[in-house]
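Please work through the following exercises with the coordinates open beside you. Each one sets a task and then goes through its solution step by step.

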Amino acid sequence: MKFSDGYWLLRPGVEAAHPVEVHDVATGNGEVVVHASTRPIRHRGDTLKGPVVALGLTSPMADVIGVKITHFSGEVAKEPAFTLHTDSAHEAKVVEDDAGAVMTAGALSVRVHRGDEWKVDFTADGRSLTSSGAKGIGLMTVDGAHHVREQLVLGVGHAVYGLGERFGPLVKNGQTVDIWNADGGTSSEQAYKNVPFFLTNAGYGVFVNHPGHVSFEVGSEAVSKVQFSVEGQSLEYFLIYGPTPRDILRKYTALTGRPALPPAWSFGLWLSTSFTTSYDEETVSGFIDGMLERDLPLSVFHFDCFWMREFHWCDFEWDPRTFPDPAAMLDRLRARGLRISLWINPYIAQRSPLFEEGRANGYLLRRPNGDVWQWDQWQPGMALVDFTNPAARAWYSSKLDALLEQGVDCFKTDFGERVPTDVVYHDGSDPERMHNYYTHLYNRTVFDLLRERRGEGDAVVFARSATAGSQQFPVHWGGDCEASYESMAESLRGGLSLGLSGFGYWSHDIGGFEGTPSAALFKRWIAFGLLSSHSRLHGSSSYRVPWLFDEESVDVLRRFVKLKLSLMPYLDRASRQAAAEGVPMMRAMVVEFPDDPGCAQLERQYMLGDDLLVAPVFSDGGDVSYYVPEGTWTHLLTGGTVEGPRWVNDRCDFLTAPVLVRPNTVLPVGAVDDRPDYDYAEGVTLHVYELADGEHVTVVGGTTFRIHRDGDVIRVEADAAPSQWRLLIVGSREVDAVDGGSASPHDNGVLVTADGAALALRGIR
């Protein structure tokens, strides 16, 4: 939201007041409260009018400082509020002197200056991060509505990332961003997953602690400032010090919640009925048979909306015309080793028998006059479940529980964005604050049920909408994209942006959702899709089985599905890292290489885990350009090497894509390529790339491999060694001697088969 008219003027209807000097400071219990006047106090008469700004400083954990700006403190506290996790053992240090007040939390400090000019400085490790200066904090009145605004300095070369799953440029500088969930597809400034958190390449991130509408002007009103504002009497934000992007994400997710660990089976290929296509059990079985006959490993089959009758979404009842015996059908599908996903949404159509049940029991959102809130968008006469009502949550869960009893494994939790504000919630929650937060309650309800029924580590949803904290309920997918290279690229930008907002796992519709992709586009998107955390074939009005495109599509899908499944020992490690640390599996290059200025703007490539660089191909002909950071990188699929830093122009056929292994990497490759859930250590091959001297620890399943290199000697010790494992020295020509195994030539180097738990290689060349 913009308040100014250029540098000098305010927009018509806007009034502003800004703190100009510290009047007094109160400290205690690791907290600071500063009262600042909005006019110079020259005599007692200047104290007879306001406003006065109250600035509160707190710290929930080391390297995180909260700032709360308040005008009128008598405003009624409103719900909902984000659940924040604090370190009870942490207490910030506070020092007050003639120069001002300083709070220190770990390496991060904030100083509120006394003197003639208002200034709040954030510093860490001896350097300035950002500051709020004169006219930075503002009490803004716009046509009678009160807003609180903050502006933080955006330094030269500083880039801003995050703010949810946004499909425009990855770097948010110059953009206006409204945190307001919307069902807007992937081709607009709207977003399904709005998160009031950004991080920078300058060592810090900012989380605005408001679940409703937050307006960000990222160098778009004042070009050297990041501005954020909310309507109301107060604004709270937390500044989070890294110093690296990984550190910022780790601390942000410690504050707002870490992702749950998805089950291993969810990393395999998902195949859908698609949306408006015609299908029944014969169609489904035909697809599954076709995948099996063509040696295309499939892990999850998804039934989209029309598993229920039209005009009845949701009644959670199978359409008897097409699925007369769903329990028996599910038994047959599960007997083939498949997991089952069903589409749901949080809406109840008027023709659903659940509508009257929900209305009578007060489970549906109501208008202020007591009417059930209804409209005709999406489903005629549909209403929304009121998830603030514990009884409504239990009621909704019971309908899903019956489906789990039938043999369903998980749910695609679609929608949850178009949430009205002219409603009354059961628990009195504020409708403006609930608009974005609604999806959190919706997905938590479903995820909690799955966790209760399936157990920890076996719960997963496929969610479209989200807000801060929703990363705790994976997985999320990118929504309705078009079948075009442009939409493929915007989907990638959205996924990387979401990862920079604290979300560990992400997927997208391979081939695009709207329209039917060309065979060439489909094949390019397959590679991108299988080199994502989660992989799903899904469309709107057309199927996504590969043989409907061309035979080469079958070969491409087989190639990349099997590649992903063989990489599960590596991907499992990246997944556990996401759950433990909040670092996404798919990472913008700036996350791994924050000190390389060549990576700051990159949005057409990414790191998959710590060690794999992926550059999707966005053209039929296969032309692709990508940036390689410093070191000798190795093409995973061809064995060729690239010396960075440099830009590379490449051309790929459909069976290849740029997937480069980082130097000094031990890449575990599994012995199984037909399923994602297996014993990752048994039969594993450790691929060693440009290994530097020193010790390297690699955990594969329940086995820890310790690899030590000293010049031309490599020693490996395995704790709880599997019965079979191997070591591939990529790029080497020969080895003079091997203790504990035998060496043989390999297309990509020297392959050593271990006899037991230890290996020693000498004379590696």
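Residues are called buried under 20% relative accessible area, exposed over 50% and partly exposed in between, computed with a 1.4 Å probe on protein chains only. This is a predicted model, in which local features need pLDDT of at least 70 and side-chain atom pairs count only at pLDDT 80 or more, while totals for chains, interfaces and linings use all residues. Residues are numbered from 1 along each chain as its sequence is written, and side-chain values use heavy atoms, with hydrogens and water left out.

**Exercise 1. Classify the ring pair of Trp313 and Trp378, and place both residues in the chain.**

Step 1. Rings of Phe, Tyr and Trp (for Trp, the six-membered ring) count as a pair if their centres lie within 6.5 Å, and the pair is stacked if the planes are under 30 degrees apart, edge-to-face if over 60 and tilted otherwise. The structure holds 42 such aromatic pairs.

Step 2. For Trp313 and Trp378 the centres are 5.4 Å apart and the planes make an angle of 45°, which gives a tilted pair.

Step 3. Helices (H or I, at least four residues) and strands (E, at least two) are DSSP runs numbered from the N terminus. Trp313 belongs to the loop between strand E23 (300-303) and helix H3 (326-335), and Trp378 to the loop between helix H4 (353-361) and strand E26 (383-384), so that the pair links parts of the chain 65 residues apart.

Step 4. Trp313 is buried, its relative accessible area being 3%, whereas Trp378 is partly exposed at 29%.

Step 5. The pair of Phe593 and Trp633 can be treated likewise: with centres 6.0 Å apart and planes at 55°, this pair is tilted. Phe593 is in the loop between helix H11 (589-592) and strand E33 (606-608), and Trp633 is in strand E35 (residues 623-635), 40 residues apart. Phe593 is buried at 12% relative accessibility, and Trp633 is buried at 0%.

**Exercise 2. Which residues do ring pairs link into a cluster with Trp313, and which charged end sits over the ring of Phe415?**

Step 1. The cluster joins Phe275, Phe306, Trp313, Trp343, Tyr347, Trp378, Phe415 and Phe513.

Step 2. A charge sits over a ring if NZ of Lys or CZ of Arg is within 6 Å of the ring centre and within 35 degrees of the ring normal. Over the ring of Phe415 sits the charged end of Arg464, 4.4 Å from the centre.

Step 3. Arg464 is also part of a network of salt bridges with Asp183, Asp414, Glu417, Arg418 and Asp480, where a salt bridge is a side-chain nitrogen of Lys or Arg within 4 Å of a carboxyl oxygen of Asp or Glu.

**Exercise 3. Compare where the salt bridges of Lys412 and Asp572 lie.**

Step 1. Lys412 pairs with Asp304, the closest N and O atoms being 3.0 Å apart. Lys412 is in strand E27 (residues 410-413) and Asp304 in the loop between E23 and H3, 108 residues apart. Lys412 is buried at 2% relative accessibility, and Asp304 is likewise buried at 2%.

Step 2. Asp572 pairs with Arg576 at 3.1 Å between the closest N and O atoms. Both lie in helix H10, four residues apart, which is about one turn of the helix. Asp572 is buried at 14%, while Arg576 is partly exposed at 46%.

Step 3. Helix H10 (residues 568-581) has 14 residues and spans 19 Å from its first C-alpha to its last, close to the expected 20 Å, the expectation being 1.5 Å times one less than the number of residues. H10 is mostly covered, with 10 of its 14 residues buried.

**Exercise 4. Which residues touch the most other members of the largest nonpolar core?**

Step 1. A nonpolar core is a set of buried Ala, Val, Leu, Ile, Met, Phe, Trp, Tyr and Cys residues joined through side-chain atoms within 4.5 Å.

Step 2. Of the 183 residues in the largest core, Phe303, Phe411, Phe560 and Leu727 touch the most other members. Helix H6 (residues 431-454) supplies the largest share of this core, nine residues.

Step 3. With contact taken as heavy atoms within 4.5 Å, and residues up to four places away in sequence not counted, Phe560 touches residues including Ile526, Leu530, Leu637 and Phe654.
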